[in-house]
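Open the model in your viewer and keep the selection tool at hand. This tour goes stop by stop, saying what to select and what is there.

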Amino acid sequence: MITETNSDTATRRRSLLLETIGVGMAELLVALVIFSTALLGIVGTAARVGGLVNSSHVQLHAGALARQQIEALMAQPYDSVADGSNVLQGIQCSWTVTTKKRAKEITLVYRYDVPGREREDTIMAAVLKP
């Protein structure tokens, strides 16, 4: 019959403990890599959403200023409505007026910058002949 001494048992336990710690470290490193990748994805998504929110805010502001400009043109007397352009708070507005039989058609084009590019939109309206 073979009997183990206390030193053999202690050595075996130490060996098993070291193997377990090594596996735990490898698992910890894999988990850390996965967590870091997920965190970077979440941060990237948050940055993209923030950019889209800012872009939509700029677009709404530009549209409101363009509508304000076209309303001012429609409020003018019929004979004084003519082509023109101006800049309102960094938004470039230019309009052309086409005379028809019963009205003047106003086509207003406004340009503004959103992060990374320039946008251009159009509004059309008419001033009826008195």
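**Stop 1: a bridge pair.** Select Thr98 and Glu105. Glu105, in strand S3, is the bridge partner of Thr98. Keep in mind that this is a predicted model.

**Stop 2: the first hairpin on the tour.** Now widen the selection to residues 91-99, strand S2, and residues 103-114, strand S3. The two strands pair in the antiparallel sense, over eight bridges. Together S2 and S3 make a hairpin, with three residues between them.

**Stop 3: on to S4.** Add residues 117-128, which are strand S4. S3 and S4 run antiparallel and are joined by 12 bridges. For a pair to look at, pick Tyr110 and Asp121: Tyr110 stands opposite Asp121 in S4. Then go to the turn. The hairpin of S3 and S4 has two residues between the strands, and Gly116 takes a positive phi there, near 95°.

**Stop 4: the whole chain.** Zoom out and colour by secondary structure. The chain has one helix and four strands. Along the sequence, the pattern reads α-β-β-β-β. Of its 130 residues, 20% count as buried. The chain exposes about 9800 Å², and carbon and sulfur atoms supply 62% of that area. Among contacts with a separation of 6 or more, 39% are between residues 24 or more positions apart.

**Stop 5: the core.** Select Ile91, Trp95, Ile106, Leu108 and Tyr110. They belong to the largest nonpolar core, which has 19 residues, and they touch the most other members. Which elements give two or more residues to this core? Helix H1 (6-75) does, and so do S2, S3 and S4. In soluble globular proteins, nonpolar side chains tend to be buried together.

**Stop 6: Tyr110.** Is Tyr110 buried or exposed? Its relative accessible area is 7%. The limit for buried is under 20%, so Tyr110 is buried. Show its contacts next. Leaving aside neighbours within four places in sequence, Tyr110 touches residues including Ala62, Gly63 and Ala66. Ile91, Gln92 and Cys93 are also among its contacts. So are Arg119, Glu120, Asp121, Thr122 and Ile123.

**Stop 7: two rings.** Keep Tyr110 and add Tyr112. The structure holds one aromatic pair. The ring centres of Tyr110 and Tyr112 are 5.8 Å apart and the planes lie at 20°, so the pair is stacked. Planes under 30 degrees apart count as stacked. Tyr112 is also buried, at 1% relative accessibility.

**Stop 8: a charge over a ring.** Select Lys104 and Tyr78. Lys104 lies over the face of Tyr78, 4.9 Å from the ring centre.

**Stop 9: a loop residue.** Finish at Gln89, in the loop between strand S1 (84-88) and S2. What is the phi of Gln89 near? It is near 50°, a positive value in a residue other than glycine. Most residues other than glycine have a negative phi. Gln89 has 62% relative accessibility and counts as exposed, because exposed means over 50%.

Terms used
Residues are numbered from 1 along each chain as its sequence is written. This is a predicted model: local features need pLDDT of at least 70, side-chain atom pairs count only at pLDDT 80 or more; totals for chains, interfaces and linings use all residues. Side-chain values use heavy atoms; hydrogens and water are left out. Two strands pair if DSSP finds at least two bridges between them. A nonpolar core is a set of buried Ala, Val, Leu, Ile, Met, Phe, Trp, Tyr and Cys residues joined through side-chain atoms within 4.5 Å. Buried means under 20% relative accessible area, exposed over 50%, partly exposed in between (1.4 Å probe, protein chains only). Contact means heavy atoms within 4.5 Å. Rings of Phe, Tyr and Trp (its six-membered ring) pair if their centres lie within 6.5 Å; planes under 30 degrees apart count as stacked, over 60 as edge-to-face and the rest as tilted. A charge sits over a ring if NZ of Lys or CZ of Arg is within 6 Å of the ring centre and within 35 degrees of the ring normal. Accessible areas come from the Shrake-Rupley method with a 1.4 Å probe; for residues, only the protein chains shown count as cover.
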